[in-house]
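Biologist: I should like to examine this model with you, one question at a time. Please explain the reasoning behind each answer.

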Amino acid sequence: MAQFRAAGNKNAWVHLAQLHAHKSPNTAFQLGEYFLSRNNKRSAVIWFKTAIRQKHSEARLALANIYFESQQYLAIKPLLLPIITNDNALALLYKLALHQGDLNFIDKYKSQLAKATDADFYRELVHYSVFNDTLEEKKIGTRSSSSSATCLFEVQLFATNLAGLRHAVALISSFEQHRLSEYICLAPPKYIPSKTINCQNEISKHINCNARVWLTRKDVSSRYIGLIVEQGAANVDNGIMYLDQHDTIDVLVHELSHFIGFLDEYPLSKQHQVCQKAQETPFAHNLVILDKNYQGNRKVLREHILSQIPWRDLIKDSTPILSQGNNGWQLATPREFNDQVGVFEADTCFYSSHVQAFKPIARRTKLEYFELTFPEIYERIFLLAPRQYLMPSYHYNISQDLVEQGELSDAIEVLQTTLFD
């Protein structure tokens, strides 16, 4: 049989191996590997099980890896506990424990993992605060002084499994090359069990999680939190950013820009509060929500409108923002000035019949499509007033959850003791 395999006659080898495999665990295991290499997982599972019935330890690990990839998590522990002294089996069990939030397992075997041949894996988990005693319940007090002094705002990242933690590291590395990294710091990711935060995260719906859990973390000194979960639609909710663990650096930058006061330039829902009426005061760096039509003296109207526009200092006196319409003046910089900073229609309030959204430049940006750039001019606008239009800190999310649960006094206490300047 070995001669057939050495000669490259795979059909003959497979035929003979199948006849021999029920009496030879090694042959059954080799068949499993063969079918797995051909992406025939169904046949691979059959032969790995055949090898396991004949007490083949390595087949247990191979089958467990298939189960992990196919998310058959409940079948993994019974397979690997009998060979937990195997370092690779222990590592996979830790991946499973992180995914399931099995803190008892994580604590029970950490000494064994620390002595494993692959010490790098243990050190990686230490880096992610997997074994940190800050998982114990303790209310948040005032902010510590450990926030980075190299940027204006810090975001503490968390993830609910090993894949998410590793993805966070990759995102941080990519983000360091982006211009916004000068103003936003991403702290190394930390582990948090998925069952602790109780997220609603269907693939096509916005991720939404229990914010009250952050009361139990005494290891967060940042203004904002970024949480990476297994699946769901990315979004920012006040002081918390939610990401899918497959989201790209483009998605990350888009969402981070919300923290520092940039609003979406794609169409929001008709019911969105931003588009219900013209703004009374500016509320974002890149958008204003105003009436489209005006009556009166053009010069007086221009001064009044510019008072509502955060980027007014970057608009040249020679750049028009009002044009003669059928019934008075129409707000919008004409197309022939598309290469300048002005007041251009945005699609944010596309579904509103009451108001119009306007942005500083004519071209589309990352605030409309993730894949586009974050314009240099937006950075300049941000620097005009970097601490204006910020999202509140994540403590605001906690207080909201507490109010919804009728715990008003606790909600007030959270805000009073943890507010950021």
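Biologist: In which loop is N286 found?

Modeller: The model is a predicted one. Two elements enclose the segment that holds N286, namely α13 (249-259) and β6 (288-290). N286 is therefore assigned to neither of them, and its place is the loop between α13 and β6.

Biologist: Is N286 buried or exposed?

Modeller: Residues under 20% relative accessible area count as buried. The relative accessibility of N286 is 0%. Because this value is under that cut-off, N286 is buried.

Biologist: Which side chain joins that of N286 in a polar contact of 2.9 Å?

Modeller: The contacts of N286 include G261, F262, L263, E265 and W311. With L263, the partner atom is the backbone nitrogen, 2.8 Å from a polar atom of the N286 side chain. The contact of 2.9 Å instead links two side chains, and the partner of N286 there is E265.

Biologist: Which helix gives the largest share of the largest nonpolar core?

Modeller: That core has 101 residues, and L80, Y94 and L125 touch the most other members. Nine of its residues, the largest share, come from helix α7 (residues 87-100). Apart from this core lies another of 21 residues, among them V220 and Y394. The helix asked for is α7.

Biologist: Is I412 buried, partly exposed or exposed?

Modeller: I412 is found in helix α17 (residues 408-418) and forms a nonpolar surface patch with V403 and L408. Its relative accessible area is 40%. Because this lies between the 20% and 50% cut-offs, I412 is partly exposed.

Notes:
Residues are numbered from 1 along each chain as its sequence is written. This is a predicted model: local features need pLDDT of at least 70, side-chain atom pairs count only at pLDDT 80 or more; totals for chains, interfaces and linings use all residues. Side-chain values use heavy atoms; hydrogens and water are left out. Patches are made of residues with over 30% relative accessible area and no salt bridge: like charges are joined within 9 Å, nonpolar side chains (Val, Leu, Ile, Met, Phe, Trp, Tyr) within 5 Å. Accessible areas come from the Shrake-Rupley method with a 1.4 Å probe; for residues, only the protein chains shown count as cover. A salt bridge is a side-chain nitrogen of Lys or Arg within 4 Å of a carboxyl oxygen of Asp or Glu. Helices (H or I, at least four residues) and strands (E, at least two) are DSSP runs, numbered from the N terminus. Buried means under 20% relative accessible area, exposed over 50%, partly exposed in between (1.4 Å probe, protein chains only). A nonpolar core is a set of buried Ala, Val, Leu, Ile, Met, Phe, Trp, Tyr and Cys residues joined through side-chain atoms within 4.5 Å. A polar contact is a pair of N or O atoms within 3.5 Å; within protein, one must be able to donate a hydrogen and the other to accept it, and residues adjacent in sequence count only if both atoms are side-chain atoms. Contact means heavy atoms within 4.5 Å. Lists of a residue's contacts leave out its neighbours within four places in sequence.
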